[in-house]
Amino acid sequence: MATTSTPRFASQAPAIFQQRRVDALVSLQKAAQQITNILELDELLDFIVHRIAVDFGCIESSILLIESDQFHLAAVHGCQVFKKGERWPVTEGISGQVVVTGRPHYAPDVSQELHYAACEPDTRSELVIPLTVGDRVIGVFCASHHELDAFPPAQIELLKALAGHIAVAVDNAQRIRQERQQVQRLHQDHEEARRIQETLLPRQTPHAPGFAFEAEWLPAGVVGGDWYDYIPLSEGRWALVLADVSGKGMPAALMMSAVRGMVRSLAPLASGPGEVLSRVNQMLLEDVSTGRYVTMIYAVLDPSSRRLTFASAGHPWPLLCHGGDVRPLHTDAGMPLGLFPSQFTEHVVTLCHDFRLLFYTDGISEALNRDNEEFGSCRVAEFVANHDCSASNLLQDIREFSGDRGPSDDATLILLRSV
């Protein structure tokens with residue numbers, strides 16, 4: 001009995017085709033995983049066009065992203081005509097049609113396509129797939145081949161599936177880039193704000209025979225609500241100002257800038273510290289309804305008589321050390337500025353020839369360590385009692401006390417002493 005046999009190569013054909021399909025699916029899965037793991041946009045796009053060109057034998061692959069009604073050639077592999085970064089209207093070519101329809105377009109013979117824009121002279125077939133996120137087309141993926149009808153249906157389906165992964169990955173990478181750019185712009189704005197705020201602080205210390213001035217300013221953030229100043233007055237006198245706006249950061253810094261302008265405009269004209277505080281308080285009540293308040297010490301030093309006249313608006317009491325005796329300079333309770341109409345009593349102290357006087361904000365005494373323990377006014381007083389104390393040393397003590405926790409509030413001080 002005669003028998004027939006199937007040629008060996010014919011029986012192997014389905015198995016070969018199946019293996020190729022499996023290999024393609026595995027390649028698709030690996031590519032999708034790698035695409036998902038790349039967060040840098042340029043690196044992601046370059047990887048995609050190179051990987052697809054190699055795996056699918058394309059002479060060219062590219063990704064066009066839509067930016068302001070233009071195509072931006074964000075990545076390209078194999079094209080010698082157009083370069084990465086070039087732009088053209090989003091309405092041009094097959095890619096423009098795909099954006100309008102939102103559906104892939106396959107051109108098995110590009111010579112039959114009215115809107116085809118050639119990139120490589122050897123291109124014979126081209127596949128363009130929209131990159132869609134939700135209902136938005138964010139760009140298109142293009143693949144070209146030097147053979148007619150080079151993309152079989154199974155391969156087109158694979159590329160369409162891969163385009164879904166590409167769209168999500170590109171959208172994520174764009175969002176990450178935008179967030180980083182926003183953070184960078186915010187950082188630049190903050191640095192500029194800090195530089196501006198630093199220019200509002202005194203650049204030089206006063207020249208007053210027999211007296212030395214030191215000051216330190218440490219905002220808890222990039223900018224802060226603390227402020228100090230030295231303002232020259234008539235007859236060789238100097239106004240010393242230390243203020244603290246409630247809160248921290250940019251709002252407090254803007255408020256402090258306004259207060260600085262008020263104080264500097266009033267200082268040469270006012271009769272004394274009490275009038276300055278009263279008029280600043282009234283201006284804040286009338287013109288600045290932010291809900292924030294300001295504590296302030298305003299003092300006038302007359303070097304010739306060694307008299308210091310000062311008034312306080314809810315500020316921590318200054319510490320005066322005569323010889324080795326440290327005492328707070330108690331004042332009548334003056335309300336912080338910007339809350340209610342208030343009067344501010346002036347106090348006068350005559351400074352001996354061996355003294356230290358410390359004005360400070362509550363960011364000094366209320367600095368916290370990792371155990372939530374405050375630095376405290378007792379430590380501040382002990383520091384002032386030390387004849388060799390300095391403003392920079394006190395701030396260093398605060399930093400060491402706070403440790404890794406860092407400052408929880410703006411910290412500023414003025415140290416006045418005899419020389």
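Start your tour where helices α2 and α4 meet: their crossing is left-handed. To find the spot in this predicted model, select residues 41-55 for α2 and residues 153-199 for α4.

**Stop 1: the crossing**

With both helices coloured, look at how they sit together. The axes of α2 and α4 come within 9 Å and cross at roughly 165°. An angle over 145 degrees counts as roughly antiparallel, and α2 and α4 are therefore roughly antiparallel to each other.

Which residues make the contact? On the α2 side, show L41, D42, L44, L45, I48 and I52. On the α4 side, show L159, L162, I166, A169, V170, A173, Q174 and R177.

**Stop 2: along α2**

Now hide α4 and keep α2 on screen. Is L45 of α2 buried or exposed? L45 is buried, and so are L41, L44, I48, V49, R51, I52 and A53. Several names should look familiar: L41, L44, L45, I48 and I52 also belong to the contact with α4.

Next, try your viewer's distance tool on the two end C-alpha atoms of α2. Why should they be 21 Å apart? The helix has 15 residues, and at 1.5 Å a residue the expected span is 21 Å, which agrees with the distance in the model.

Step just past the helix and select G57, which follows α2 and has a positive phi, near 65°.

**Stop 3: the sheet**

Move on to an open sheet of five strands. Follow the strands in the order β7-β16-β15-β12-β13; their pairing is antiparallel. To find the edges, select 211-218 for β7 and 325-328 for β13, each of which pairs on one side only. Turn the view to look across the strands: the twist averages 15° from one strand to the next.

As background, strands of a sheet pair through backbone hydrogen bonds, either parallel or antiparallel.

Zoom in on β12, residues 319-322, which four bridges join to β13. These two strands run antiparallel. Pick L320 here, and you will find R327 of β13 standing opposite.

**Stop 4: a helix across the sheet**

Select residues 376-385 to bring up helix α8. What does α8 lie across? The helix lies across β12, β13 and β15, with β15 at residues 355-360. Its direction makes an angle of about 145° with β15.

**Last stop: the whole chain**

Zoom out and show everything. The chain has nine helices and 16 strands. Of its 419 residues, 45% are buried. Among contacts with a separation of 6 or more, 65% are between residues 24 or more positions apart.

How values were computed
Residues numbered from 1 in each chain as written. Predicted model: local features only at pLDDT ≥ 70, side-chain atom pairs only at ≥ 80, totals over all residues. Heavy atoms only, no water. Pairing = 2+ DSSP bridges. Axes fitted to C-alpha atoms, helices over the stretch in contact; angles between N-to-C directions. Contact = heavy atoms within 4.5 Å. Expected span 1.5 Å × (residues − 1). Buried < 20%, exposed > 50% of the residue type's maximum accessible area, 1.4 Å probe, protein only. Parallel < 35°, antiparallel > 145°, perpendicular 65-115°, else oblique. Left-handed = near helix turned anticlockwise from the far one by under 90°.
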